[in-house]
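Biologist: Before I ask about single residues, please show me the sequence and the model.

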Amino acid sequence: MEKLAINGGRRLDGKVMLQGSKNSALPILSACVTVNGISVIHNCPDLTDVTAALKILEHIGCRIKREGHTVIVDSTDANRFDIPDKLMREMRSSIVFLGALLARFGAACVSSPGGCEIGLRPIDLHLSALRKMNTYINETGGFLECATDNLCGADINLAFPSVGATENIMLASMGSSGETVITNAAREPEIIDLADYLKSCGAEIYGAGQSVIRIKSGKKLHSAEHTIIPDRIVASTFMACVASAGGRIAVDGVCKEHLAPVIPVFETAGCEVSAKRNELVIKSPERVSRVKSLGTMPYPGFPTDSQAIVMAMLTKAKGTSVISEKIFENRFRHVPELIKMGADIRVEDGRVAVIEGVKRLCAASVSSSDLRGGCALVVAALGADGKTVVDEIHHIDRGCEAFEICLSQLGAEIKRE
Ligand code: EPZ
């Protein structure tokens, strides 16, 4: 099992190029199924989750070609609407293939994704919306058999602005008749990017990025080319790395607007942050300051995916910080590992963490429990005394491309063993 060995206490300096967004690439790759043609997707990150999505596309009958960060998906001969359990389990967000398969074939057979490390993650909002679009869904033995003789547009009011449910409705509506209106839709930048890809294929979508999305269906989608947005969560991860280790770095290829929910948090912690065009420069303070109270929210609130890395940064802050995790019920699994490194963190009712800043962290052997939790351990290790070993790093490879190589470029002493 691969591990990361990190010698902490080295200040970071230099520039790093930001990867494409995982949470944009995955729904867009699923969306390729709704197009009877060729999709050329640029800036597609090289991640194990992306590889899992490509395996599903091949299973469905698409031809795939990868040239560096460009993926070419030819879905002309796609001919299957079932996804084996083994492929579904490799990546939780394979559930968004459901809407795409229904749009293309009027049927879909997939296993229910079930929970994961960070929470129960039900899909009730996905299924109730698809049922409203005239889909018959039979849920038995952890499998979902879905069929429709005529997908219909519908008015769907989401009880919670779920990212996945919004994406599944957008994809299903590519094969429906009439108009679909999603109210209380997710507003994440990844939703806008999915809409931009579908629009480049000829779809008519209005209001992506706002709470009400209107989709005029019945358009035959055609081949297209699209460039994936930069990964705002990985950008925030590099920002936390320099805040923890000390130093000054530039992150190239960012979209400043997408970082609006996180930049003020780093400024409150005492970092100097400047961004022009698509380059962000961040300089750490001598010692980070506490962030009095921080709560995770749907976009444009503070992202739950940046919660763990910011917590790791605040373990050495002056004063007490309080973080409330309001999206997922089990997203503090990195806490016991940070405590092993000398952090002083108390969790109340599983959703609120009180972080008493300590002067120093010490090295330890720690284990990643999930993608963002694993990144948080690397953030802490960069600012700790001695050599930390982080294992179970397959979690990190799901979302961060060549993480240790990027950090080495910035002067960190880190290697994969
Ligand atoms: C997406 O997950 C992201 N994944 C997650 O990133 C991210 O944490 C999450 O959105 C929130 O921003 C991808 O884009 C691939 P949701 P998703 O549906 O779509 C509840 C990462 O680290 N809910 O917005 O699964 C759900 O349980 C990953 O990159 C229902 O109750 O998130 C959760 O509490 C982790 N019923 C909340 O809504 C439903 O039918 C948010 O879920 C759907 C969701």
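Biologist: Is arginine 66 buried, partly exposed or exposed?

Modeller: This is a predicted model, and every value I give is computed from it. Partly exposed covers the range between the 20% limit for buried and the 50% limit for exposed. Arginine 66 has a relative accessibility of 34%, so the residue counts as partly exposed.

Biologist: Which side chain meets that of arginine 66 in a salt bridge?

Modeller: Arginine 66 lies in strand 4, and the partner lies in the loop between strand 3 and helix 2, so the pair ties together parts that are 20 residues apart in sequence. The partner has a relative accessibility of 47% and therefore counts as partly exposed. The N to O distance is 3.6 Å, and the partner is aspartate 46.

Biologist: Which residue forms a salt bridge with aspartate 74?

Modeller: The N to O distance in this salt bridge is 3.2 Å. Aspartate 74 lies in strand 5 and the partner in strand 4, so the pair ties together parts that are 11 residues apart in sequence. Aspartate 74 counts as buried because its relative accessibility is 14%, while the partner, at 45%, counts as partly exposed. The partner is arginine 63.

Biologist: How far apart are the closest N and O atoms of glutamate 179 and lysine 216?

Modeller: Glutamate 179 lies in strand 10 and lysine 216 in strand 12, so the pair ties together parts that are 37 residues apart in sequence. Glutamate 179 is partly exposed at 31% relative accessibility, and lysine 216 is partly exposed at 36%. The two form a salt bridge, and the distance between their closest N and O atoms is 3.0 Å.

Biologist: Which residues are joined into one network by salt bridges that share partners?

Modeller: A salt bridge needs a side-chain nitrogen of Lys or Arg and a carboxyl oxygen of Asp or Glu, so a network contains residues of both kinds. Here the shared partners join Glu2, Asp397, Glu404 and Arg416.

Biologist: How many salt bridges does the structure hold?

Modeller: The pairs discussed above include arginine 66 with aspartate 46 and aspartate 74 with arginine 63. The count for the structure is 25.

Biologist: Are the rings of phenylalanine 81 and phenylalanine 105 stacked, tilted or edge-to-face?

Modeller: A pair of aromatic rings is described by the distance of the centres and the angle of the planes. There are two aromatic pairs in the count. In this one the centres are 6.3 Å apart and the planes are at 50 degrees, so the pair of phenylalanine 81 and phenylalanine 105 is tilted.

Biologist: Which parts of the chain does that pair tie together, and how many residues apart are they in sequence?

Modeller: Phenylalanine 81 is partly exposed at 35% relative accessibility, and phenylalanine 105 is partly exposed at 26%. Phenylalanine 81 lies in the loop between strand 5 and helix 3, and phenylalanine 105 lies in helix 4, so the parts tied together are 24 residues apart.

Biologist: What about phenylalanine 238 and phenylalanine 403: are they buried or exposed?

Modeller: Their ring centres are 6.1 Å apart and their planes are at 50 degrees, so this pair is tilted. Phenylalanine 238 lies in helix 8 and phenylalanine 403 in helix 14, so the pair ties together parts that are 165 residues apart in sequence. Phenylalanine 238 and phenylalanine 403 are both buried.

Biologist: Which side chain is joined to that of glutamate 225 by a polar contact of 2.7 Å?

Modeller: Glutamate 225 lies in strand 13 and counts as exposed because its relative accessibility is 53%. Leaving aside neighbours within four places in sequence, glutamate 225 is in contact with Val40, His42 and Ser200. The side chain in the polar contact is that of histidine 42.

Biologist: How far apart are the end C-alpha atoms of helix 7?

Modeller: Helix 7 has 12 residues, and at 1.5 Å a residue they should span 16 Å. The expected span agrees with the model, where the end C-alpha atoms are separated by 17 Å.

Biologist: Which side chain has an N or O atom 2.6 Å from a nitrogen atom of the ligand?

Modeller: There are 21 residues around the ligand, and among those that come nearest are Ser162 and Arg372. A backbone N or O atom of glycine 164 lies 2.8 Å from an oxygen atom of the ligand. The side chain at 2.6 Å from the nitrogen atom is that of aspartate 124.

Conventions
Residues are numbered from 1 along each chain as its sequence is written. This is a predicted model: local features need pLDDT of at least 70, side-chain atom pairs count only at pLDDT 80 or more; totals for chains, interfaces and linings use all residues. Side-chain values use heavy atoms; hydrogens and water are left out. Helices (H or I, at least four residues) and strands (E, at least two) are DSSP runs, numbered from the N terminus. Buried means under 20% relative accessible area, exposed over 50%, partly exposed in between (1.4 Å probe, protein chains only). Contact means heavy atoms within 4.5 Å. A polar contact is a pair of N or O atoms within 3.5 Å; within protein, one must be able to donate a hydrogen and the other to accept it, and residues adjacent in sequence count only if both atoms are side-chain atoms. The expected span of a helix is 1.5 Å times one less than its number of residues. Rings of Phe, Tyr and Trp (its six-membered ring) pair if their centres lie within 6.5 Å; planes under 30 degrees apart count as stacked, over 60 as edge-to-face and the rest as tilted. A salt bridge is a side-chain nitrogen of Lys or Arg within 4 Å of a carboxyl oxygen of Asp or Glu. A residue is near a molecule or strand if one of its heavy atoms lies within 4 Å of it.
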